[in-house]
Amino acid sequence: MHDDVSVELKDNVIRVAPRFETKRAQSLYGTARAQIANLVEGVTKGFEKKLEITGVGYRAALQGKNLQLSLGYSHDVIYPIPEGITITVPKPTEITIVGNDSQRVGQVAAEIRGYRPPEPYKGKGVKYANEFIFRKEGKKK
């Protein structure tokens, strides 16, 4: 993993320890430990991100190995689902992304959200389920 960190597997226990007493080794030790913990959690439980779509006529649907998004453009956005990622659409306004790699799940969620990020005036767009959108007041007459 890193040259400053030693990782050993013995009796179904993974031991991670810094090799030196430097600040870099200490920093990378924490990083290596967290990455291994995420790998274990990904294989045992998996990672999940939920997206919500807000807006009149905005919807999502699965079409074979593609995700079809109607987001108010003149054409539908077709997003090919990458290997190792499972996307489900329980409702036309909800998307659930599941996978065992935390980084890839987050990246796919960010790419889908990037097609139409939520805007602050009407709140239309694709947002994370736990995200709060700061609303702005419209212009005055």
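The following paragraphs go through this predicted model from the overall fold down to single residues.

The chain holds two helices and nine strands. Read from the N terminus, the elements follow the order β-β-α-β-β-β-β-β-β-α-β. The radius of gyration is 20 Å, whereas the globule rule gives 14 Å for 141 residues, so the chain is more spread out than a compact globule. Along the principal axes, the C-alpha atoms occupy a box of roughly 65 × 45 × 20 Å.

The domain assignment splits the chain into domain 1, residues 5-45, and domain 2, residues 47-128. The C-alpha centres of domain 1 and domain 2 are 33 Å apart. In the UniProt record, an unreviewed entry, the feature "domain: Large ribosomal subunit protein uL6 alpha-beta" is placed at residues 55-128. That stretch, residues 55-128, is 18% helix and 38% strand. The C-alpha atoms at its two ends are 14 Å apart.

Some totals describe the chain as a whole. Of its 141 residues, 26% are buried. The accessible surface is about 9,800 Å², and carbon and sulfur atoms account for 52% of that surface. When contacts between residues at least 6 apart in sequence are considered, 41% of them join residues at least 24 apart.

Strand β8 spans residues 94-99 and contains threonine 96. Is threonine 96 buried or exposed? Its relative accessibility is 7%, and because buried means under 20%, threonine 96 counts as buried. Leaving out residues up to four places away in sequence, threonine 96 touches Glu48, Lys49 and Lys50, together with Thr86, Ile87, Thr88 and Pro90.

Valine 98 is also found in strand β8. With a relative accessibility of 31%, valine 98 counts as partly exposed. Under the same exclusion of residues up to four places away, valine 98 touches Phe47, Glu48, Gly84, Ile85, Thr86 and Val105. Glu48 and Thr86 thus appear among the contacts of threonine 96 and among those of valine 98. Glutamate 137 lies 39 residues from valine 98 in sequence, and the two C-alpha atoms are 36 Å apart in space.

The loop between β3 (47-54) and β4 (59-63) contains valine 56. Valine 56 has a relative accessibility of 80% and therefore counts as exposed. From valine 56 to lysine 140 there are 84 residues in sequence and 24 Å in space, C-alpha to C-alpha.

Helix α2 covers residues 102-114 and includes glutamine 103. At 53% relative accessibility, glutamine 103 is over the 50% limit and so counts as exposed. Glycine 114 is 11 residues from glutamine 103 along the sequence, with a C-alpha to C-alpha distance of 16 Å.

The loop between α2 and β9 is the place of proline 117. A relative accessibility of 42% makes proline 117 partly exposed. Which residues does proline 117 contact, leaving aside neighbours within four places in sequence? They are Lys124, Gly125 and Val126. Strand β9 is made up of residues 125-128, so Gly125 and Val126, contacts of proline 117, belong to the numbering range of that strand. Glutamate 41 is 76 residues away from proline 117 along the chain, and the C-alpha atoms of the two are separated by 29 Å.

Lysine 127 has its place in strand β9. Its relative accessibility of 13% is the reason why lysine 127 counts as buried. Where does the side chain of lysine 127 reach? It reaches the backbone oxygen of glutamate 131, at 3.4 Å. Apart from neighbours within four places in sequence, lysine 127 is in contact with Lys50, Leu51 and Glu52, with Arg113 and Pro118, and with Ile133. Lys50 is also one of the residues that threonine 96 touches.

Taken together, the residues described here cover each class of accessibility. Threonine 96 is buried, as is lysine 127. Valine 98 is partly exposed, and proline 117 is too. Glutamine 103 is exposed, and valine 56 is likewise exposed.

Note on methods
Residues are numbered from 1 along each chain as its sequence is written. This is a predicted model: local features need pLDDT of at least 70, side-chain atom pairs count only at pLDDT 80 or more; totals for chains, interfaces and linings use all residues. Side-chain values use heavy atoms; hydrogens and water are left out. Domain bounds come from an automatic or database domain assignment. Helices (H or I, at least four residues) and strands (E, at least two) are DSSP runs, numbered from the N terminus. Buried means under 20% relative accessible area, exposed over 50%, partly exposed in between (1.4 Å probe, protein chains only). A polar contact is a pair of N or O atoms within 3.5 Å; within protein, one must be able to donate a hydrogen and the other to accept it, and residues adjacent in sequence count only if both atoms are side-chain atoms. Contact means heavy atoms within 4.5 Å. The radius of gyration is taken over C-alpha atoms; the globule rule is 2.2 Å times the number of residues to the power 0.38. Accessible areas come from the Shrake-Rupley method with a 1.4 Å probe; for residues, only the protein chains shown count as cover. UniProt positions are given in the numbering used here, feature names are shortened, and annotations may be inferred rather than shown by experiment.
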